[in-house]
Amino acid sequence: MPDRPDIAPTVAFLRSQLSGRTPAVGIVLGSGLGGLVSRMTDRLTIPYGDIPGFYGSTVVGHKGELVMGRLAEVEVIAQSGRFHLYEGHAADTVTLPVRAFAELGIDSLIVTNAAGGVRRTFRPGTLMVIADHINLTFRNPLFGSVLEGEERFPDMSDPYDARLRETAHRVAATHGIPLADGVYAGLLGPSYETPAEVRMLERLGADAVGMSTVLEVVAARARGVRCLGISTITNPAAGIGHEALDHADVLEVGKRVADSLATIIEGVVGEGA
Ligand code: HPA
């Protein structure tokens, strides 16, 4: 039996820092998408280095801090920078923050990521609500004995909450922000895909491809937390565009649409995510 993570010290430490504040919504901010934090008021920032079980971030564009604050009058906790499998982390480390958020009391989780566009009409800067995902990491954070508060066989027929998705589309329309809808394929990384792999993903029904999100959503669903996912399409996936892929471009495009993304998230939170 593999060792299971002990999330109790993480949760106890965070509780001691939050002085009675209870987050209703957890937010995971992907590559270059940290701008939302500046919209939060009454902020309390906790560097990952201080948190038991957390690691510093090794990825450029990922800050490595938790920020508790108020967004649209709602108490939220945001993970600015996440842990990826490709950094060498176990699935349990990748999902530790989400599990801790669930223990702290969140009802819903909003995950963002940078992704390559598999759908041929997607341009860099397209925002896409994740309608469903394909977990191609071949890892699962529920592997092993069952953690307290989690289901053994969670239903994954509605991984991304229909009502939250609807709200996201309504908020985006109100602000005149184009918002697509599609399937996200989560891969291990860190090398980008080959053109043949992207053609395979296209045939499998994926619209976007990235290296995160799917494990966090599996862990959240096992605890009954409702999820909303939004991808920023930063580049056409390999073989669809003609340019070589570069992490700096990913960050640049992420920054360009960060404000629109933040507007959608703030609107969804304000409507009672
Ligand atoms: N592939 C995988 N992950 C990504 C990509 C991509 O093309 N762009 C941003 N993250």
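**Exercise 1. Find the residue that R170 pairs with in a salt bridge, and work out which parts of the chain the pair links.**

Start with the side chains: in this predicted model, R170 and E271 meet in a salt bridge, with 2.6 Å from N to O. That sits inside the 4 Å cut-off for a salt bridge. Next, place the two partners. R170 belongs to helix α4, while E271 is in the segment after α7 (247–270), so to speak a link between distant parts of the chain, 101 residues apart. Finally, check the surroundings. R170 has a relative accessible area of 41% and E271 has 44%. Exposed would need over 50% and buried under 20%, so both residues come out as partly exposed.

**Exercise 2. Take the salt bridge between R99 and E150: are the two residues buried or exposed, and what does the pair tie together?**

First the distance: the closest N and O atoms of R99 and E150 are 2.7 Å apart. Now the location. R99 lies in helix α3 (residues 96–104) and E150 in the loop between β6 (126–136) and α4 (162–174), so the bridge ties together parts that are 51 residues apart in sequence. As for cover, both R99 and E150 are buried. Then look around the pair: R99 and E150 belong to a network of salt bridges that also takes in R4, D92, E103 and R223.

**Exercise 3. Compare the accessibility of the two partners in the R21 and E75 salt bridge.**

Here the side chains meet at 3.0 Å, N to O. R21 is in the loop between α1 (8–18) and β1 (25–29), and E75 is in strand β4, 54 residues apart, which makes this another link between distant parts of the chain. Now apply the 20% limit for buried. R21, at 21% relative accessibility, counts as partly exposed. E75, at 17%, counts as buried. To put the pair in context, the count for the model comes to 15 salt bridges.

**Exercise 4. Track down the backbone oddities at D42, E73 and P190.**

Begin with the background: most residues other than glycine have a negative phi, and most peptide bonds are trans. Against that, try D42. Its phi is near 50 degrees, a positive value. D42 sits in strand β2 (residues 41–47) and, at 51% relative accessibility, counts as exposed. Next up is E73, with phi near 70 degrees, again positive. E73 lies in the loop between β3 (65–71) and β4 (74–80), and its relative accessible area of 66% makes it exposed. Last, the peptide bond from G189 to P190 is cis, with omega near 0 degrees. You'll find P190 in the loop between β7 (180–187) and α5 (195–204).

**Exercise 5. Decide what the radius of gyration says about the overall fold.**

Count the elements: the protein chain has 7 helices and 9 strands. Now the size check. A compact globule of 273 residues would have a radius of gyration near 19 Å, and the chain has 17 Å, so the value agrees. The C-alpha atoms fill a box of roughly 50 × 45 × 35 Å along the principal axes. Buried residues make up 56% of the chain. Turn to contacts with a separation of 6 or more: residues 24 or more positions apart account for 82% of them. On the outside, about 11,400 Å² is exposed, and carbon and sulfur atoms supply 51% of that. To finish, the mean positions of the 24 positive and 32 negative charges are 2 Å apart.

Methods:
Residues numbered from 1 in each chain as written. Predicted model: local features only at pLDDT ≥ 70, side-chain atom pairs only at ≥ 80, totals over all residues. Heavy atoms only, no water. Helix = DSSP H or I, 4+ residues; strand = E, 2+ residues; numbered from the N terminus. Rg over C-alpha atoms; globule rule 2.2 N^0.38 Å. Buried < 20%, exposed > 50% of the residue type's maximum accessible area, 1.4 Å probe, protein only. Contact = heavy atoms within 4.5 Å. Areas by Shrake-Rupley, 256 points an atom, 1.4 Å probe, with all protein chains shown as cover. Lys, Arg positive; Asp, Glu negative; His and termini not counted. Charge placed at Lys NZ, Arg CZ, Asp CG, Glu CD.
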